[in-house]
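Have the sequence and the model open side by side, and let's take a walk through them together. We'll begin with a small backbone puzzle and then step back for the wider view.

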Amino acid sequence: MARTDAIVLGAGIVGTSIALHLAKRGLSVALVDRAGVGEQTSYGNSGVIEGSTILPPAFPTSFAALLRVALKRASEANYHLSFLPQVAPWLLAFRAASVSGRLAETARLNRPLFARAVADHEALMEEAGATQYLRKTGWLKLYRSDTAFAALKPEFELAAEFGLPLQALDVAGAQALEPSLNPVFTRAVFWPKAASVSNPLAVTRAYAKRFSALGGVMLVGDARSLHKAGNRWRVETNEGGVDAPEVVVALGPWAPDLLEPLGLKLPMAVKRGYHRHFRAQGNAALQRPVVDVENGYLITPMEQGIRLTTGAEFAARDAAPTPVQFDRLMPKARALFPLGERADDKTWLGSRPCFPDSRPVIGRAPGLPGLWLAIGHAHWGLTLGPATGRLLAEMISGDQPFCDPAAYRAERFLP
Ligand SMILES: Cc1cc2nc3c(=O)[nH]c(=O)nc-3n(C[C@H](O)[C@H](O)[C@H](O)COP(=O)(O)OP(=O)(O)OC[C@H]3O[C@@H](n4cnc5c(N)ncnc54)[C@H](O)[C@@H]3O)c2cc1C
């Protein structure tokens, strides 16, 4: 490449959105991945653009819920016993961030990103010719107990503060939206301003194609080859070494593989999650993602069939898959919706890259001039990819950022 202004490492939805936003500002950009665009975590998610997400997931407060997880009876969570000592400090920090005042604070700090989520995706989809994947049909959350529904009061108050519409529904109201749901729940909340996509991989690929059309270059290479070359950074690729003054790390759950050897250790853990595809029985159908909140799984219509995704599994990122949550949740899922045969025989495993305070890190890498971070998007990387791309491109280009990025600085984890 003749001149490269910026290298983006990682072509998931986050890195691809950043590369596209940088290219839109006229920068010469190389997007580097060791695999195909969007094929890792950004492939297998639930496809929800959670513009109306408010509170982050919290550490269980009730002893009963904790006990069910501990006894491996919970469908919403699983863990590898051998991994607990390693993840214990992260879990303690996560628990500390889960007290109600801090959850509300997190909601307010993350709000500027979430507020742009749907509009920024739609803008990129329009220029990338990908609007056919977008469904602006909201999402539906189901509650099986009145206790769980009653616990939503703080979330409803924040929704009013943020100006987010919602509809609290009874069973008939939910079935009016999704007639194929069986009445195994008692209450529901419809969030009309959320959106979803029918193929997350195709969306990331469309953004990459648009990036290429703007002159961006996609290269295959191992990000761990990154090193200083004079006052620039250099990464080795199949096309030879590429160097640039600015490098963005958007490696999702693999970010520590690059950052720790460079001396930057941040408290990232992964919440692993699985998906399987099913056919619907007869004429049964879904129009939108549906979450069975207390059982921690989601069903959503995708091009491949009904995708069922699981909640969190605390295990080492590279440990062998243990999809035991399906055994626990399938009877509940089948009672809720007439799932038929498997649409394919694959069980997909992905790793949500999470910081304990449920905020991403977006901004400069402390102590590493020219290096930028866009990592830790947890349950919302698809949602927040384009807004993150806009924010980081504004910061790198020296433009006025659309929101104060202070809340996303990596320095919050450093002494
Ligand atoms: C079950 C499940 C359901 C989810 N549902 C949703 C949802 O509904 N909505 C939502 O917003 N989010 C959802 N998420 C979260 C979302 O999928 C992630 O936050 C998001 O995909 C992270 O994107 P990313 O670009 O940071 O990471 P990735 O997509 O993992 O991209 C990182 C890239 O880095 C590359 N890479 C890694 N190491 C190297 C290396 N050494 N050299 C070169 N390249 C490298 C990888 O190949 C990969 O392409 C879900 C996640 C899971 C697991």
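In which loop is Ala 378 found? Look between β23 (371-375) and α12 (381-397), and there you'll find Ala 378. Keep in mind as we go that this is a predicted model. What draws the eye to Ala 378 is its backbone: phi is positive, about 50 degrees, although the residue is not a glycine. As background, most residues other than glycine have a negative phi. The loop position doesn't leave Ala 378 out in the open either, since Ala 378 has a relative accessible area of 10% and counts as buried.

Ser 358 makes a good companion case. Here phi is about 55 degrees, again positive in a residue that is not a glycine. To find Ser 358, go to the loop that runs between β21 (348-354) and β22 (361-364). Ser 358 is buried as well, with a relative accessible area of 7%.

Now zoom out to the chain as a whole. Its secondary structure comes to 12 helices and 23 strands. The radius of gyration is 21 Å, close to the 22 Å that the globule rule gives for 415 residues, so the chain is as compact as a globular protein of that length. Along the principal axes, the C-alpha atoms fill a box of roughly 65 × 45 × 45 Å. Of the 415 residues, 56% count as buried. If you take the contacts with a sequence separation of 6 or more, 77% of them are between residues 24 or more positions apart.

On the outside, the chain exposes about 16,600 Å², and carbon and sulfur atoms supply 54% of that area. As for charge, there are 45 positive and 37 negative ones, and the mean positions of the two sets are 2 Å apart.

Next stop, helix α7, which covers residues 153-162. Glu 155, Leu 158 and Ala 159 are buried in this helix. Look down the axis of α7 and its buried residues fall within an arc of 105 degrees, so they line one face of the helix. What do these buried residues pack against? Their partners are α5 (100-128), β6 (139-143) and β8 (187-191). Swing round to the face turned away from the buried side, and you meet the exposed residues Lys 153 and Ala 160. Just after α7 comes Gly 163, with a positive phi of about 70 degrees.

Back towards the start of the chain, find Leu 22 in helix α1 (residues 13-24). Is Leu 22 buried or exposed? Leu 22 is buried, and its relative accessible area is 0%. Setting aside neighbours within four places in sequence, its contacts are Ala 6, Val 8, Leu 27, Val 29, Ala 393 and Ile 396. For a sense of distance, pick out Leu 251, which is 229 residues away along the chain: its C-alpha atom is separated from that of Leu 22 by 17 Å.

Follow the chain on from α1 and you come to Ser 28, in the loop between α1 and β2 (29-33). With 16% relative accessibility, Ser 28 counts as buried, the cut-off being under 20%. From Ser 28 to Trp 191 the C-alpha distance is 39 Å, with their positions 163 residues apart in sequence.

Finish at Arg 224, in the loop between β10 (217-220) and β11 (227-229). Arg 224 is partly exposed, with a relative accessible area of 47%. Which residues does Arg 224 contact, leaving aside its neighbours within four places in sequence? Those are Arg 34, Asp 257 and Leu 258. You can also pick out Leu 262, which is 38 residues from Arg 224 in sequence and 9.8 Å from Arg 224 in space, C-alpha to C-alpha.

Note on methods: Residues numbered from 1 in each chain as written. Predicted model: local features only at pLDDT ≥ 70, side-chain atom pairs only at ≥ 80, totals over all residues. Heavy atoms only, no water. Helix = DSSP H or I, 4+ residues; strand = E, 2+ residues; numbered from the N terminus. Rg over C-alpha atoms; globule rule 2.2 N^0.38 Å. Buried < 20%, exposed > 50% of the residue type's maximum accessible area, 1.4 Å probe, protein only. Contact = heavy atoms within 4.5 Å. Areas by Shrake-Rupley, 256 points an atom, 1.4 Å probe, with all protein chains shown as cover. Lys, Arg positive; Asp, Glu negative; His and termini not counted. Charge placed at Lys NZ, Arg CZ, Asp CG, Glu CD. Arc of directions from axis to C-beta.
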